[in-house]
Amino acid sequence: MEMYLKILAHPVFTQLNFHMPMIVDLSHPLVMLQGENGSGKSTLLHSIFYALRGETAEGYVYRLEPADAKLHRPYLFDAEQHNPRQQLEFFKNQPEMLEFLRTASHGQVMLSLFQESFPKLPEGTILLLDEPEMALSVSNQRRILKMLMELVDQKQFRIICATHSPVLIEAK
C-alpha cells in the first residue's frame, strides 16, 4: 500500500533550505536516510515519529496520505538517548541485567537491545532508528542489518533508519 508523509511546513527544515512540501515515501519496508552531520536526518526522523503519533508542534504542518492509513504505533530508538548503561535505575530489580550492563562493552549492550527488545515489539511496528550503528563494529552492523531484515520479513515491520554506516546504506 502506498503511503506518504507530506511535510508542508517545518521551522528547522526551512532554516536548512529544504523545499516544502517535503514528501517522505513510507511505502517501503526499509528506508535508509543518509547525509552529512547537521543535514537534518535526525530532525526528519523525529518529525516522522511525531506525525505518525498524530502529535503537533509549533510551525510543523504535515499530512499523512492516505489520511485513513491504519498504522501501528511507531517506536523511536535514538542511540544517543537509549543507552541503558546511563539508566541503571530501570534495572534495580534485575541483578543479572545490572551485572551485564556493568561488565559488557557499549557495543555488546546495544547489540543485546537488537536481539532482545526489538523482536518483542508488536507485528507491523514502524521502527525509527537514529544512528543505531554508533557503538557497533562493522561485523555487528551486518548482524543488526540481518536482524532488521528478519523483522521486516517475519513481523512486517517498516523501518526507517538515519545512518552514516556504509554497511547499512548499501543494504539492498
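Just after helix 2, Gly 54 adopts a positive phi of about 75 degrees in this predicted model. The helix that comes before this glycine covers residues 41–52. Its twelve residues should span 16 Å at 1.5 Å a residue, and the C-alpha atoms at its ends lie 17 Å apart, which agrees. Helix 2 is mostly covered, with nine of its twelve residues buried. Among them are Leu 44, Leu 45, Ile 48, Phe 49 and Leu 52, along with Lys 41 and His 46.

Ser 47 offers a closer look at this helix. With a relative accessibility of 3%, Ser 47 counts as buried because the cut-off for that class is under 20%. Leaving aside residues up to four places away in sequence, Ser 47 is in contact with Ile 7, His 10, Phe 13 and Tyr 60.

Attention now turns to the strands. Strand 6, made up of residues 126–130, has five of its five residues buried, so the rest of the structure largely encloses it. Burial applies to both of its faces: Ile 126, Leu 128 and Asp 130 are buried on one side, and Leu 127 and Leu 129 on the other. Strand 5 (residues 74–78) runs parallel to strand 6 and is joined to it by five bridges, with Leu 76 standing opposite Leu 128. Strand 6 also pairs with strand 7 (residues 158–162), again in the parallel sense and over five bridges. Here Leu 127 has Ile 159 of strand 7 as its bridge partner. Between these two strands the chain passes through helix 5 (residues 138–155), and the resulting β-α-β crossover is right-handed.

Strand 5 also takes part in the aromatic pairing. Five aromatic pairs are found in a search of the whole structure. In one of them, the ring centres of Tyr 75 and Phe 118 are 6.0 Å apart and the planes meet at 70 degrees, so the pair is edge-to-face. Tyr 75 belongs to strand 5, whereas Phe 118 sits in the loop between helix 4 (106–116) and strand 6, so this pair ties together parts that are 43 residues apart in sequence. Tyr 75 counts as partly exposed at 30% relative accessibility, while Phe 118 counts as buried at 1%. Phe 118 also forms an edge-to-face pair with Phe 77, at 5.4 Å centre to centre and 85 degrees between the planes. Phe 77 lies in strand 5, so its pairing with the loop residue Phe 118 connects parts 41 residues apart in sequence. Both Phe 77 and Phe 118 are buried. Together with Phe 114, the residues Tyr 75, Phe 77 and Phe 118 are linked by ring pairs into a cluster.

How values were computed. Residues numbered from 1 in each chain as written. Predicted model: local features only at pLDDT ≥ 70, side-chain atom pairs only at ≥ 80, totals over all residues. Heavy atoms only, no water. Buried < 20%, exposed > 50% of the residue type's maximum accessible area, 1.4 Å probe, protein only. Helix = DSSP H or I, 4+ residues; strand = E, 2+ residues; numbered from the N terminus. Pairing = 2+ DSSP bridges. Right-handed = clockwise from strand over helix to strand, strands pointing away. Expected span 1.5 Å × (residues − 1). Contact = heavy atoms within 4.5 Å. Phe/Tyr/Trp six-rings, centres within 6.5 Å; stacked < 30°, edge-to-face > 60°.
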